[in-house]
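Reader: I'd like to learn how to read a structure like this one. Could we walk through it feature by feature?

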2 protein chains.
Amino acid sequence: MAAATIKDVAREARVSVASVSRALNGGGGVTAATSARIHAAAERLQYIPHAAARMLITRRTHTVGALLPDLYGEFFSELIRGIDLAARARGLHLLVSSSHGGATEAAAAVRSMQGRVDGLLILSERVDTAFLRANLPKALPVVLLNSAVSGPAFHVINIDNHGGAVAMVRHLLQAGHRSVALIAGPPGNFDASERERGYREAMARYAPRAALTVVAGDFTEESGYRAGQQLLARTKRPAAVFAANDMMAVGCLAAFKDAGARVPEDIALAGFDDIPITRYVTPALTTVRVRIADFGRLALERLADVVEHPGQETPSADTLGFEIVVRDTCGGNKPEQNS
Amino acid sequence: MAAATIKDVAREARVSVASVSRALNGGGGVTAATSARIHAAAERLQYIPHAAARMLITRRTHTVGALLPDLYGEFFSELIRGIDLAARARGLHLLVSSSHGGATEAAAAVRSMQGRVDGLLILSERVDTAFLRANLPKALPVVLLNSAVSGPAFHVINIDNHGGAVAMVRHLLQAGHRSVALIAGPPGNFDASERERGYREAMARYAPRAALTVVAGDFTEESGYRAGQQLLARTKRPAAVFAANDMMAVGCLAAFKDAGARVPEDIALAGFDDIPITRYVTPALTTVRVRIADFGRLALERLADVVEHPGQETPSADTLGFEIVVRDTCGGNKPEQNS
DNA sequence: CTGAAAGCGCTTACAG
DNA sequence: CTGAAAGCGCTTACAG
């Protein structure tokens, strides 16, 4: 037997489908007695309104889409969790889509979500203003995460890459280290460039006479290991190393250990992200913590607001707070908070 | 201006909506010339078929739902990734739903996905046969992951908890350890009980005269730490410890270190899962690896098959392979493969 | 308060 | 090959 439709309920309750609709959607305009009869009939028939039919007529899907480059790893895991929790709290479904290598794929993903979602959360290196104008139906609400896109056209929420980097470099400097080197992230990456900008700014401000040392990396553990070796090979070793993310810091730490350099006695080290591994390496890594789940939650709530008040919300650029987590790799012990 | 509909395209191409539908869906029955005109018109209007309308008429959503207890952590992150990759390869959308504390919530989640998905992937402790019969529309294809539900009624895919545990205990025994203790997982948990069953079976088979030692745990790092302390406090320390998951093994390792017990010289240790942290603790942890992403991929493919051939697929109970990953905590060095 | 009817955007027999 | 028409299951003015 096929699933019950509104017609079945109407017949069972001896009313019109219009009344069933009104009673079940609680809009009023139905006698208490009629409503009770309808609810009883719906219950008996295990009636569940057909989602597609409702979407078609109401133009609302009660679903939001999340376009992400990947679903793997600590960062995305936490991010999705935050988004999911907030969506659930608002009664929204979550449609995910990942692995958008290039702009073409991302465009296809946007198209295919068309009509299935009330709004979109997008986190992608490939997505810029031009892309959005070309591929986004103008009516579809969007919130961009960690995006370089700025300007008044779109809602954006970013991690405070710049602020976190500034604070960490200042922390290292204040802990007594005279020189701080940076292991940079991949060229062209938004997070990476913002963190480097923070490094340069903090050095200029707090240690204007110290030399800048930037070695290349690509956010992987291996690149951190190689960077650590390079740093050690220099005639003038830096007193401290700031890796643009934790995975590189972990790799760098291994390189230091393998070379017999003691951390933090011989050289200090700090990372960015506060992934779980940082607590388990020895010594435990000092790093910048960003509350990723909050990031996702905030993004979803902003999107939901935009969906509910289309056009009313003026595009905003929010930045998420961070905190410096002092563990054992940087030799200082002045905890510092910031958010 | 609102999004273009099939009517707009029909008008633009000077044909009926029926022809537009046929041309765009490639079913044939349209002249090449007409088809070209229609495609051109669709292109010009940036026409994208309305998903809800199509769902309503075709009864297909091209979406699968994933009901999970949580989205957080290495396991779910990889699982979703595997599911997502396979879904994308099949052109299916993925609707996720997590945080199903109790059966009531899970039931609500199933109901709310009704009509939005062509099939469901379910991983939940709460979901048993009775639950499924009560809450699942009989027509909705389902694949159960890591579920105790058996019998011919449902498709099930499980991790080889039992086989992995047997292999690991045998490995420890073959490495020369005379006694192996188990740090068990939470009571009532399917994975935990299967792993314990494997431990008991392997001990009975390969070390029938050795004493069985089982200390309680709940899969958390803290419970592993406490279990480690308890094990050390015993008058007869076991030669080796098999923790039912990696997080407990990591906690246990910390307890051993804190107490000055050397691993593996004084006591051997092994875990289950092969989460990333296992490679970073010192010494690196020997463990059982399960290819979680493959797990998700397989589950999705099976579901997709069931969706496409409703009723034809006979319910199956598949089990995923594993491998023993020998690192530095168990003192033996006889790599062993199994899948 | 209640119902008949139109319509959301599509697909698919059914004729021609 | 092509089109007119019915219908998927719902909601919402519009009358009564």
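Author: Happy to. Let's start with a cysteine: the sulfur of B:Cys330 has its closest cysteine sulfur 14 Å away, in B:Cys252, and that is too far for a bond. Keep in mind that this is a predicted model.

Reader: How far apart may two cysteine sulfur atoms be in a disulfide, and how many disulfides are there over all chains?

Author: The general idea is a cut-off: the two sulfur atoms must lie within 2.5 Å. Over all chains the count comes to 0 disulfides. Look at it from the other side too: for B:Cys252, the closest cysteine sulfur is the one in B:Cys330, at 14 Å, so a bond is ruled out by distance.

Reader: And is B:Cys330 buried or exposed?

Author: Buried means under 20% relative accessible area. B:Cys330 has 0% relative accessibility, so it counts as buried. B:Cys252 is buried as well, with a relative accessible area of 0%.

Reader: Let's try a strand. Which way do the side chains go in a regular strand?

Author: In a regular strand they alternate between the two faces of the sheet. Now find strand β3 of chain B, residues 119-122. B:Gly119 and B:Leu121 point one way, B:Leu120 and B:Ile122 point the other way, and all are buried.

Reader: Which strands does β3(B) pair with?

Author: One partner is strand β1 of chain B, residues 63-67, which pairs with β3(B) in the parallel sense over 4 bridges. To see one of those contacts, match B:Leu120 with its bridge partner B:Gly65. Strand β4 of chain B, residues 142-145, also pairs with β3(B) in the parallel sense, over 3 bridges. Here you can match B:Ile122 with B:Leu144.

Reader: What sort of unit do β3(B) and β4(B) make with helix α7 of chain B?

Author: Follow the chain from β3(B) through helix α7, residues 129-135, to β4(B): together they make a right-handed β-α-β unit.

Reader: Now charged side chains. How many salt bridges are there over all chains?

Author: The thing to look for is a side-chain nitrogen of Lys or Arg within 4 Å of a carboxyl oxygen of Asp or Glu. By this rule there are 36 salt bridges over all chains. One of them joins A:Glu201 and A:Arg205, with the closest N and O atoms 2.8 Å apart. Both residues sit in helix α9 of chain A, residues 190-206, and they are 4 residues apart, about one turn of the helix. A:Glu201 is partly exposed at 29% relative accessibility, and A:Arg205 is partly exposed at 46%.

Reader: Where do B:Arg297 and B:Glu301 lie?

Author: They are in helix α12 of chain B, residues 292-308, 4 residues apart, or about one turn of the helix. Salt bridges can also share partners: A:Asp274, A:Arg279, A:Arg289, A:Arg291, A:Glu323 and A:Arg327 are joined that way into one network. Back in α12(B), the side chains of B:Arg297 and B:Glu301 meet in a salt bridge, at 3.5 Å from N to O.

Reader: Last one: what rotation superposes chain B on chain A?

Author: A rotation of 180° with 0.0 Å of shift along its axis does the job, with an RMSD of 0.0 Å. That is the relation of a two-fold axis. Now compare the interface residues: 98% of those of chain B are also interface residues in chain A, so the copies meet through the same surface.

How values were computed
Residues numbered from 1 in each chain as written. Chains lettered and ligands numbered in written order. Predicted model: local features only at pLDDT ≥ 70, side-chain atom pairs only at ≥ 80, totals over all residues. Heavy atoms only, no water. Buried < 20%, exposed > 50% of the residue type's maximum accessible area, 1.4 Å probe, protein only. Helix = DSSP H or I, 4+ residues; strand = E, 2+ residues; numbered from the N terminus. Pairing = 2+ DSSP bridges. Right-handed = clockwise from strand over helix to strand, strands pointing away. Least-squares fit on C-alpha atoms with pLDDT ≥ 70 in both. Contact = heavy atoms within 4.5 Å.
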